[in-house]
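Student: I would like to go through this model by question and answer. Where should we begin once it is on the screen?

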Protein chains: 2
Amino acid sequence: MNEKGLSEKEIFSYLENVKSEDTDYYKVLSSMCTRPHKIAVEAHRLFIEANLGDLGLFAGAHRLEREVIMMLGELLHAQSVDAQSAKIPSGKSGKGSIYGYLTTGGTESNIQAVRGMKNLVTAGEKKIVGTPNIVIPESAHFSFDKVANMMGIEVKRALLDSEFKVDISSVESLIDANTIGLVGIAGTTEFGQIDPIEKLAKLALDNELFLHIDAAFGGFVIPFLENPQPFDFKVSGVTSIAIDPHKMGLSTIPSGALLFRSPSFLDSLRVNTPYLTTKAQFTLTGTRSGASTAATYAVMKHLGREGYRKNVQYCMQLTEKLVKEARKLGFEPLIEPIMNVVALRVPNPDLVREQLLKRFGWNVSITRTPRSLRLVLMPHNTAWDIEEFLQDLKKITTEI
Amino acid sequence: MNEKGLSEKEIFSYLENVKSEDTDYYKVLSSMCTRPHKIAVEAHRLFIEANLGDLGLFAGAHRLEREVIMMLGELLHAQSVDAQSAKIPSGKSGKGSIYGYLTTGGTESNIQAVRGMKNLVTAGEKKIVGTPNIVIPESAHFSFDKVANMMGIEVKRALLDSEFKVDISSVESLIDANTIGLVGIAGTTEFGQIDPIEKLAKLALDNELFLHIDAAFGGFVIPFLENPQPFDFKVSGVTSIAIDPHKMGLSTIPSGALLFRSPSFLDSLRVNTPYLTTKAQFTLTGTRSGASTAATYAVMKHLGREGYRKNVQYCMQLTEKLVKEARKLGFEPLIEPIMNVVALRVPNPDLVREQLLKRFGWNVSITRTPRSLRLVLMPHNTAWDIEEFLQDLKKITTEI
């Protein structure tokens, strides 16, 4: 750090320059994030100082957090939950209770869901001899590698079926006396696939296990599809859900959410906070952005279900267009897309990926098993982009 | 969520109203956060879309992260580190190497520092039979309760001496064959005290232990005091440091940083990231705000050491004024303040705290052992506030 400070003008001239190295999301087909909605950006700015790590000082931002959790609870069918006395009261809607808080994103939500399982089991009657374990699909996001590394529990990976859903018999075979919970994915990162949540829930109920659903991406997609598959609290047996407003929710970063069916989960994450305006904290981070909370509130209120439905319809139209046109060129998707993620079978996908970036500036990614081109069709993409992309893909695959 | 969206006007009329329930930091003497600097807010806005979870797409924001880590490394005397090949090159400064990344704040930094210790020990030659443990001061922040709860390691708490520094003989007595690391605090949350870092470092070196310094608050204070105590990488034996730009660094939330002396620490936190533009990630969260990174860059460049020195001088003047005037009223501080935190001995502190809020709107907090009024003098406070506060304190203590 320099002794003397630079002027605002010098700094912003540099920052504008640096910003030109960042993507503006044009030609990005690899990201589950997108440009935040304008109203989210404005609300973020208005609440830029707000710290949800100190709720007593930021009662307004905390009110917005509760309202967002309620909206998300409704979206994920928490109204079918039995109405107990609520940590976060359901207010006028009278639609039952929901428990949760706004996280920094899917990784924190997944970590905290597993931490909650571990704490509840430790405090409960179930006897675990040896290391507790959870069973997750092979397709689970790499955040579960962090869970495995830090949490002192074993993470077992169940095989996928031919459609890249978790294989229920594989899950069943991995459950043992030390298993404390299962994880299902509603919108896998690689294939956009939805695991058979109802079957996982039956396994969970039969074996008295927790069931966490990672809907970080799918949570703002599946409810707005034409015939949504059951994946949320409507399914009895689902105990927690991760959903990310900063992905298809069009909010600002960091905006994740973790929702629980029961208040005992939140309680199990509690630590005492002696020097704050509140006495306890159940979040992973301490100081927390109230700005992105306001952003999520604003964009959810502004779009409503109708707005999100349009957003999903738009992305699904791009997805269908991409698959249809790709087929004409001889490229088949690995599965019929369930949501706005396509895994395209092309020859030599790693080389194709490299060439797409190097020659034409397209950002795409690769699925692991089997290796294929992975494309996420987001609100920042256009029909014109799809056509240009396919022309470029054709050129490359013809020449290599 | 409603079917139809609300207009921007309706939403902002509500948000403005809700915001009035949040503090504007007037009469807040309990927080280690403050209003972010204007230039931080502007830079945050400029980079609102940036996601440091996907470095390939956000090369500009990533450049800013590296520059911030370098500036923080310089601030914390990483120039004395031997110049190995650097993950984050030291560039033109030629001042050696530093390794680290920008976190969501002190809690994440502390969690990741301990996770790194655990992973390095697991991968190394030291044999741990049973549960690994770390030794922390009784005064450590409650984020270490989260570490204890999630990490599958034992957290031992060493006693404090009469000045609320960690007692070195207590630390020494707690070290056993399973101890993997020590923690020292540079700016304790309750007393603003600095542990005897050089003595801790000697213990760490003698016993081949890691030593993490939690300077979340003190990191932007101590270097700007007149006779700073040694607490950072200048002290051989310190292996990692947490420092929070969103506290006395005057940046936006979320802005923390975790710095390591050696690249092996970062490597130990690595997980593979198959579907991103980069192949590995060593952060705790996935998607990460590039906006607060830009904010930290901007405010550090704008203030320079001179600006931060003025900021600390201002807060220390308020602190000295408070202590001097409080003494006139008969209230002694528990220790002579080291930085801008005062623990004031008053009769019946819990009742006084309650009355200060209820009758006069002052937010203060309470130290645990012994119970006293805890006051943090931040840039948002003024000399006038201090006088008003002491008058109100006098009224209350006279009447109860």
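Student: How many bridges join strand 10 of chain A to strand 12 of chain A?
Tutor: This is a predicted model, in which local features need pLDDT of at least 70 and side-chain atom pairs count only at pLDDT 80 or more, while totals for chains, interfaces and linings use all residues; side-chain values use heavy atoms, with hydrogens and water left out. Residues are numbered from 1 along each chain as its sequence is written, and chains are lettered from A and ligands numbered from 1 in the order in which they are written. Strands (E, at least two residues) and helices (H or I, at least four) are DSSP runs numbered from the N terminus, and two strands pair if DSSP finds at least two bridges between them. Strand 10 and strand 12 (residues 373–376) of chain A run antiparallel, A:Val341 stands opposite A:Val376, and the number of bridges is four.

Student: Which strands are the edges of that open sheet in chain A?
Tutor: The sheet has three strands in the order 10-12-11, with antiparallel pairing. An edge strand pairs on one side only, which here applies to strand 10 (341–344) and strand 11 (365–366) of chain A.

Student: In strand 5 of chain A, which residue is the bridge partner of A:Gly184?
Tutor: Strand 4 (residues 179–185) and strand 5 of chain A run parallel and are joined by five bridges. Five of the five residues of strand 5 (residues 210–214) are buried, where buried means under 20% relative accessible area, exposed over 50% and partly exposed in between (1.4 Å probe, protein chains only). A:Phe210, A:His212 and A:Asp214 point one way, and A:Leu211 and A:Ile213 the other. The partner of A:Gly184 is A:Ile213.

Student: Why is strand 2 of chain B described as largely enclosed, and which residue of strand 3 stands opposite B:Val135?
Tutor: Strand 2 (residues 133–137) of chain B is largely enclosed by the rest of the structure because five of its five residues are buried. B:Asn133, B:Val135 and B:Pro137 cover one side, and B:Ile134 and B:Ile136 the other. Strand 2 pairs with strand 3 (residues 154–158) of chain B in the parallel sense over five bridges. Opposite B:Val135 stands B:Lys156.

Student: Is B:Tyr25 buried or exposed, and with what relative accessible area?
Tutor: Most residues other than glycine have a negative phi, and most peptide bonds are trans. B:Tyr25 has a positive phi, near 75°, and is found in the loop between helix 1 (8–19) and helix 2 (38–46) of chain B. B:Tyr25 is buried, and its relative accessible area is 0%.

Student: What is the relative accessible area of A:His77?
Tutor: A:His77 also has a positive phi, near 60°. A:His77 lies in the loop between helix 3 (59–75) and strand 1 (99–103) of chain A. A:His77 counts as partly exposed, at 25%.

Student: Where is the peptide bond from B:Thr369 to B:Pro370 placed, and what is its omega?
Tutor: B:Pro370 lies in the loop between strand 11 (365–366) and strand 12 (373–376) of chain B. The bond is cis, with omega near -10°.

Student: What is the omega of the bond from B:Ile253 to B:Pro254?
Tutor: B:Pro254 lies in the loop between strand 6 (240–243) and strand 7 (256–260) of chain B. The bond from B:Ile253 is cis, and its omega is near 0°.

Student: Which residues of chain B lose the most area to chain A?
Tutor: The contact, meaning heavy atoms within 4.5 Å, takes 104 residues from chain B and 104 residues from chain A. About 9300 Å² is buried between the chains, 59% of it on carbon and sulfur atoms; buried area is the accessible area (1.4 Å probe) that two parts lose on being put together, summed over both. Together giving 11% of what the side of chain B buries, the residues are B:Met1, B:Met150 and B:Tyr275.

Student: Which helix of chain A gives the largest share of the lining of the largest pocket?
Tutor: A pocket is an open set of points on a 1 Å grid over the protein atoms alone, where a 1.4 Å probe fits, with protein on both sides within 12 Å along at least five of seven lines, and lining residues have an atom within 4 Å of a point. The largest pocket is lined by 19 residues, with A:Arg353, B:Leu276, B:Thr277, B:Thr278 and B:Lys279 nearest its centre. Four lining residues, the largest share, come from helix 10 (residues 349–360) of chain A.
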